[in-house]
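Work through the following exercises with the sequence and the model side by side. Each task is followed by a solution that proceeds one step at a time.

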Amino acid sequence: MFEDVRLQGQILGEIATFLGDSYIRPVSIALVIQDLGGTEETFSNVLTRTHMLVHNNDTSKYTLADFKEFYQKIEPEIFKHVNDVIIIKVLNGLASMYIPDLYPIAKHLTTTFQLDNRIPGI
């Protein structure tokens with residue numbers, strides 16, 4: 001029944017869209033990683049290393065560029081051409097589901113991104 005992985009990805013993407021998936025409130029960080037072409041190992045690396053970064057460093061002054069560089073070092077092929085919206089989506093997903101201490105910086109970077117890009121509704 002579920003032999004086609006691409007179809008499974010499509011199904012999950014449609015469910016996430018129906019549930020209101022956005023860069024501010026991602027429904028699944030694993031789905032974000034999969035959409036980038038990552039694997040379960042990619043997900044684990046991103047989660048573990050972000051957790052270590054947040055708990056061993058003062059990330060309050062980190063910028064989107066800092067996080068983009070951080071993820072590019074973890075998984076160069078996956079994050080090579082990723083845009084700022086995806087970095088924000090990863091941060092918000094990790095903050096809401098796995099790393100609550102990341103929430104303040106994720107919220108700050110999201111708001112700054114919205115203001116810098118004149119996104120309405122904030």
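**Exercise 1.** Locate T110 in this predicted model, decide whether T110 is buried or exposed, and find which residues T110 touches.

*Solution.* Begin with the secondary structure, where T110 falls within helix α7, the segment covering residues 103-116. Next, consider the relative accessible area of T110, which is 5%; since buried means under 20%, T110 is classed as buried. Then look for neighbours, setting aside residues up to four places away in sequence, and T110 is found to touch Y23, I24, I88 and N92. Finally, examine N92 among these partners, because the side chains of T110 and N92 are joined by a polar contact of 3.0 Å.

**Exercise 2.** Determine for E40 and for T42 whether each is buried or exposed, and state which helix holds T42.

*Solution.* First place the two residues: E40 belongs to helix α3, which spans residues 40-56, and T42 is also in helix α3. Now compare the relative accessibility with the cut-offs, by which buried means under 20% and exposed over 50%. E40, at 70%, counts as exposed, whereas T42, at 3%, counts as buried. As a further step, list the contacts of T42 beyond its neighbours within four places in sequence, which are I33, E75 and I78. To set E40 in a wider frame, take its distance to D21, which is 20 Å from C-alpha to C-alpha, for a sequence separation of 19 residues.

**Exercise 3.** Identify which residues make the nonpolar surface patch of about 680 Å², and work out whether F18 is buried or exposed.

*Solution.* The patch is formed by L7, I11, L12, I15, F18, L19 and V27. Taking F18 from this group, note that F18 lies in helix α1, residues 5-18. The relative accessible area of F18 is 75%, and as exposed means over 50%, F18 is classed as exposed.

**Exercise 4.** State how many salt bridges the model contains, and describe the pair that D21 forms.

*Solution.* The count comes to four salt bridges. In one of them, D21 pairs with K89, and the closest N and O atoms are 2.6 Å apart. D21 sits in the loop between α1 and α2 while K89 sits in helix α6 (residues 84-97), so this pair ties together parts that are 68 residues apart in sequence. For the surroundings of the two partners, D21 is partly exposed at a relative accessible area of 25%, while K89, at 15% relative accessibility, counts as buried.

**Exercise 5.** Find where D84 and K68 lie, and explain why K73 and E69 are separated by about one helical turn.

*Solution.* Start with D84 and K68, whose side chains meet in a salt bridge with an N to O distance of 3.1 Å. D84 lies in helix α6 and K68 in helix α4 (residues 64-74), so the pair ties together parts that are 16 residues apart in sequence. D84 itself is partly exposed, with a relative accessible area of 29%. Turn then to K73 and E69, which form a salt bridge whose closest N and O atoms are 3.2 Å apart. These two residues are about one helical turn from each other because K73 and E69 are four residues apart in helix α4. As a last step, assign exposure: K73, at 63% relative accessibility, counts as exposed, and E69, with a relative accessible area of 42%, is partly exposed.

Note on methods. Residues are numbered from 1 along each chain as its sequence is written. This is a predicted model: local features need pLDDT of at least 70, side-chain atom pairs count only at pLDDT 80 or more; totals for chains, interfaces and linings use all residues. Side-chain values use heavy atoms; hydrogens and water are left out. Buried means under 20% relative accessible area, exposed over 50%, partly exposed in between (1.4 Å probe, protein chains only). A polar contact is a pair of N or O atoms within 3.5 Å; within protein, one must be able to donate a hydrogen and the other to accept it, and residues adjacent in sequence count only if both atoms are side-chain atoms. Contact means heavy atoms within 4.5 Å. Patches are made of residues with over 30% relative accessible area and no salt bridge: like charges are joined within 9 Å, nonpolar side chains (Val, Leu, Ile, Met, Phe, Trp, Tyr) within 5 Å. Accessible areas come from the Shrake-Rupley method with a 1.4 Å probe; for residues, only the protein chains shown count as cover.
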